[in-house]
Amino acid sequence: MTEPAACVFCRIVEGKEQASFVAQGADALAFLDLHPITEGHTLIVPRKHAASIGEVDEVSAVAMWSLARRVAAALRSSGLRCEALNFFLADGAAAGQDVFHSHLHVIPRWEGDNFGIKFPPHYGAAADRKTLDDVAGRLRKRLA
Ligand SMILES: [Zn+2]
């Protein structure tokens with residue numbers, strides 16, 4: 001786990017690193033991605049350092065999603081190109097997380113923007129109900 005002092009997003013939260021802020025709330029803030037996929041690509045981060053979304057406290061997690069929703073509305077009405085949006089959260093290196101301070105991407109999209117999610121070759125066939133029910137049961141036990 002990245003130590004807070006070494007974390008670039010903590011430095012941004014503390015005002016020790018430059019960022020182009022979109023919003024600064026009590027528990028979460030929003031600033032533009034330094035490497036935008038599309039113009040207006042915004043990152044939503046909790047103020048308190050947590051590497052994984054599972055380690056983000058409930059109040060901060062709710063604040064992140066609430067702010068993301070408001071930023072999405074702002075992007076749609078900003079005049080920037082934004083026919084649609086993706087919310088994207090990479091949790092762990094295998095999922096593409098590169099900065100280990102949990103963050104939610106809000107990405108303006110349009111037809112033909114050349115960004116997308118790649119599906120595996122087997123995607124498309126519906127899973128059988130027993131498998132779905134077994135997996136759902138397993139998760140229900142963990143949530144109980
Ligand atoms: Zn951090």
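**Helix α2 and its surroundings**

Biologist: Which exposed residues sit on the face of α2 turned away from its buried side?

Modeller: This is a predicted model. In it, α2 has a buried side and a face turned away from that side. The exposed residues carried by that second face are E58 and A73.

Biologist: Which residues of α2 are buried, and how wide an arc do they cover?

Modeller: The buried set is S60, A63, M64, L67, A68, V71 and L75. An α-helix has 3.6 residues a turn, so residues three or four places apart point the same way. The buried residues lie on the same side of α2, because the arc they cover around the axis is only 135°.

Biologist: What span should α2 have, end to end?

Modeller: Helix α2 runs over residues 58–76, which makes 19 residues. The rise is 1.5 Å a residue. The end C-alpha atoms are 27 Å apart, which agrees with the expected span of 27 Å.

Biologist: Which strands are included in the cover over the buried residues of α2?

Modeller: Start with the chain order, α-β-β-β-α-β-β-α. It holds 3 helices and 5 strands. The cover over the buried residues of α2 includes β1 (21–24), β2 (28–32), β3 (42–46), β4 (84–88) and β5 (104–109).

Biologist: Which element gives the largest share of the largest nonpolar core?

Modeller: That core has 20 residues, and I44, L67 and V106 touch the most other members. The elements giving two or more residues to it are α1 (8–13), β2, β3, α2 and β5. The largest share, 6 residues, comes from α2.

Biologist: Which residues of α2 does I44 contact?

Modeller: Set aside neighbours within four places in sequence. Then I44 contacts A28, A30, H103, L104 and V106, among others. Its list also includes these buried residues of α2: M64, L67, A68 and V71.

Biologist: Is F115 buried, exposed or partly exposed?

Modeller: F115 lies in the loop between β5 and α3 (129–143). Leaving aside neighbours within four places in sequence, its contacts are I37, T38 and R109. A residue is buried at 20 or more C-beta atoms within 10 Å, and exposed at 12 or fewer. F115 has 14 other C-beta atoms within 10 Å, so F115 is partly exposed.

Biologist: What percentage of the residues in the protein are buried?

Modeller: Along its principal axes the C-alpha trace spans about 50 × 40 × 25 Å. The protein has 144 residues, and the buried ones make up 22%.

Conventions. Residues are numbered from 1 along each chain as its sequence is written. This is a predicted model: local features need pLDDT of at least 70, side-chain atom pairs count only at pLDDT 80 or more; totals for chains, interfaces and linings use all residues. Helices (H or I, at least four residues) and strands (E, at least two) are DSSP runs, numbered from the N terminus. The expected span of a helix is 1.5 Å times one less than its number of residues. The arc is that of the directions from the helix axis to the C-beta atoms. Two residues are in contact if their C-beta atoms, placed from the backbone, lie within 7 Å. A nonpolar core is a set of buried Ala, Val, Leu, Ile, Met, Phe, Trp, Tyr and Cys residues joined through C-beta atoms within 7 Å.
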